[in-house]
Amino acid sequence: MVLRKSRGMALAVVLMALMVMTAITFSVADGSVQCLNLSLADHASEQARYVSEAGVNDAYNQLLASPSWNAGFTDKSLPGGHGSYTVTVVNNVGRYATVTASDGTQVPPNSIYVTSVGTAD
């Protein structure tokens, strides 16, 4: 009779240990998925920053070619279609008064204010 109770107790202990190990496994897996999602979001953010910098460089080259340029770009695609950028330019060169950009920034005389927003695929 004592032997039967031991077998039943061993089964209960094994099942409890299995439940604990299963809970730990799911917890670790959930943490791994969250880390992966954060990593992917960080990667996308970094790509968007690089695309935005490409927009600033494009605007810089346009300003070198034409110092009075202020047209900017709207959703200009990168070669290969891996992102796009929108650039706004407030060109206050050759003027004597401060102007206000659309975001409220004060642009002093003889200054150029460039903003670029990049979107990565």
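This is a short tutorial dialogue on reading a predicted model.

Me: Let me start with the sheet. How many strands form the sheet, and in what order?

Reply: Keep in mind that the model is predicted. Three strands form an open sheet. The order is 1-2-5, and the pairing is antiparallel.

Me: Which strands stand at the edges?

Reply: Look for strands with a single partner. Strand 1 (73–77) and strand 5 (112–120) each have one partner strand, so one side of each has no neighbour in the sheet. From one strand to the next, the twist averages 20°.

Me: How many bridges pair strand 1 and strand 2?

Reply: Count them along the pair. Strand 2 covers residues 83–91, and three bridges pair it with strand 1 in the antiparallel sense. Two residues of strand 2 can be picked out by their opposite numbers. Ser84 is across from Ser77. Val87 is across from Phe73.

Me: What lies between strand 1 and strand 2?

Reply: Follow the chain through the turn. The two strands form a hairpin, with five residues between them. Check the backbone angles there too. Gly80, in the turn, has a positive phi of about 90°.

Me: And how many bridges join strand 2 to strand 5?

Reply: Nine bridges join this pair, and the strands run antiparallel. One place to look is Thr88, whose bridge partner in strand 5 is Thr115.

Me: Now the helix. Is Asp58 buried or exposed?

Reply: First place the residue. Asp58 lies in helix 1. Then compare its relative accessibility with the cut-off. Buried means under 20%. Asp58 has 13%, so it counts as buried.

Me: Which side chain does Asp58 contact?

Reply: The side chain of Tyr85. A polar contact of 2.5 Å joins the two.

Me: Where is Leu15, and how does its accessibility class read?

Reply: Leu15 is found in helix 1, which spans residues 2–65. Again, use the cut-offs. Exposed means over 50%, buried means under 20%, and partly exposed is in between. Leu15 has 45% relative accessibility, so it counts as partly exposed.

Me: Which residues make the nonpolar surface patch?

Reply: Leu15 is one of them. The others are Leu11 and Leu18, and the patch is about 290 Å².

Me: Let me recap on helix 1. Asp58 counts as buried, and Leu15 counts as partly exposed.

Reply: Yes. Add the contacts: Asp58 joins Tyr85 through side chains, while Leu15 belongs to the nonpolar patch.

How values were computed:
Residues are numbered from 1 along each chain as its sequence is written. This is a predicted model: local features need pLDDT of at least 70, side-chain atom pairs count only at pLDDT 80 or more; totals for chains, interfaces and linings use all residues. Side-chain values use heavy atoms; hydrogens and water are left out. Two strands pair if DSSP finds at least two bridges between them. Helices (H or I, at least four residues) and strands (E, at least two) are DSSP runs, numbered from the N terminus. Axes are lines fitted to C-alpha atoms, for helices over the stretch in contact, and angles run from 0 to 180 degrees between N-to-C directions. Patches are made of residues with over 30% relative accessible area and no salt bridge: like charges are joined within 9 Å, nonpolar side chains (Val, Leu, Ile, Met, Phe, Trp, Tyr) within 5 Å. Accessible areas come from the Shrake-Rupley method with a 1.4 Å probe; for residues, only the protein chains shown count as cover. A salt bridge is a side-chain nitrogen of Lys or Arg within 4 Å of a carboxyl oxygen of Asp or Glu. Buried means under 20% relative accessible area, exposed over 50%, partly exposed in between (1.4 Å probe, protein chains only). A polar contact is a pair of N or O atoms within 3.5 Å; within protein, one must be able to donate a hydrogen and the other to accept it, and residues adjacent in sequence count only if both atoms are side-chain atoms.
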